[in-house]
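Work through the exercises below with the coordinates open. Try each task before reading its solution.

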Amino acid sequence: MNNVAPPVAELLEFIAQDGCTDEQFDQLALRLFAYQYGASAPYRSFCQRRGATVRNVKTWSDIPAVPIDAFKAMELRCEPPRPDERVFMTSGTTRADMRGRHFHPHLDVYDLSMTRNFDKRVMRGTPRLPMGILFPDEIAMPNSSLAHYLALAKSAFGTEDSRYFMSPQGIDLDGLWRRLEEAERRGEPYALLGASFSFVHVIDALRKEGRAFRLPPGSRILDTGGYKGQSRELPLDTFYSELSDLLGVPRTLCINMYGMTELSTQFYDDGNAVVPSVKSGPHWIRSRLVDPATGRTVPAGERGILAHCDLGNFNSVNTILTEDVGLPADGGFLLLGRAEGAQAKGCSLAVEEFIRSATP
């Protein structure tokens, strides 16, 4: 690893400003690329195999995208390990060696990225709201980026009576019903945040008990993370219709967050009155649609695999290749699901290429 310091102060200043030009984004993306190219031997080897160097990478879209499964195969970090670092791990397996790991020597950049974006996209001018969290806390899941994200939402934007309704025994439905009744009675807006699969359990319980709520105007729902085998799957239109019908929150305030362990920044939509909804991010992240086998941007208007250049990723790699299919849309992109067929094979080949090039 080299002894060049990461541009953390610049990143914090960049995130804190209200926007940026294309030139400003490129300038910081290339500065970060040069740092990561010098500090991470596996990444440097991969870039060299792709013919990308600090000299010939001229714009953010030239930066090679690392497949997310590479986070499972090896440690992608620029700073050496430290005892107080946070390690976020992907879900889906109990075998630690098969889980993707994202190393954060500190959370200053991640936390500012989250709060700046959440304030604009979810709070929308409301300073604080009483919140109910339908996901385990950080004590139960210390390696979950979503657990940290929700804890930060609660501490930064929740009122003092905000609380978790999830325990090792499952969702405290009785406690949740009482809190929603109280919000109705007081006429006080309320926010429910959690994993998509948690909301499916809430929908099922409300249907079973023949209950429904009409949360006051200004209430909102934020779901994220999909189902991951934790509940039955619902078509998007059905999911948001049921949430709106059973909780009394208009679909324009049923917001979905699209994020992942391998990123430090989240994407949001502006509600789900129409699905699939357009997802977009803040000024410190940019996306393109690529052919996973070559890493090249697909022709304009075509669907491809999403690659994100996230300037919040200062300690790993700033550009990652997902396994998610996207389609360009005004103001952002449409998320169409996981790669299948030839595209899935292309993602697998990209992972194999990275491992071959990065292994001495």
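The exercises cover ring contacts and strand pairing in this predicted model.

**Exercise 1. Classify the contact between the rings of Phe33 and Tyr43.**

Step 1. Take the distance: the ring centres lie 6.1 Å apart. The cut-off for a pair is 6.5 Å, so Phe33 and Tyr43 form an aromatic pair.
Step 2. Take the angle: the planes meet at 85°. Angles over 60 degrees count as edge-to-face, so this pair is edge-to-face.
Step 3. Place the partners. Phe33 belongs to helix α2 (residues 22–39) and Tyr43 to helix α3 (residues 41–49). They are 10 residues apart.
Step 4. Widen the view. Tyr37 joins Phe33 and Tyr43 in one aromatic cluster. The structure holds 11 aromatic pairs.

**Exercise 2. Decide whether Phe33 and Tyr43 are buried or exposed.**

Step 1. Phe33 has a relative accessible area of 1%. For Tyr43 the value is 0%.
Step 2. Buried means under 20%. Phe33 is therefore buried, and so is Tyr43.

**Exercise 3. Find which rings lie under the charged ends of Arg77 and Arg286.**

Step 1. For Arg77, the ring is that of Phe103, with its centre 4.0 Å from the charged end.
Step 2. For Arg286, the ring is that of Phe25, at 4.6 Å from the centre.

**Exercise 4. Identify the edge strands of the sheet β5-β4-β8-β9-β10-β11.**

Step 1. The sheet is open, with 6 strands and mixed pairing.
Step 2. β5 (163–164) and β11 (267–268) each have a single partner strand, so they stand at the edges.
Step 3. Look inside the order. β4 (residues 131–134) and β8 (residues 191–195) pair in the parallel sense over 4 bridges. Gly132 stands opposite Leu192 in β8.

Terms used: Residues numbered from 1 in each chain as written. Predicted model: local features only at pLDDT ≥ 70, side-chain atom pairs only at ≥ 80, totals over all residues. Heavy atoms only, no water. Phe/Tyr/Trp six-rings, centres within 6.5 Å; stacked < 30°, edge-to-face > 60°. Helix = DSSP H or I, 4+ residues; strand = E, 2+ residues; numbered from the N terminus. Buried < 20%, exposed > 50% of the residue type's maximum accessible area, 1.4 Å probe, protein only. Lys NZ or Arg CZ within 6 Å of the ring centre and 35° of its normal. Pairing = 2+ DSSP bridges.
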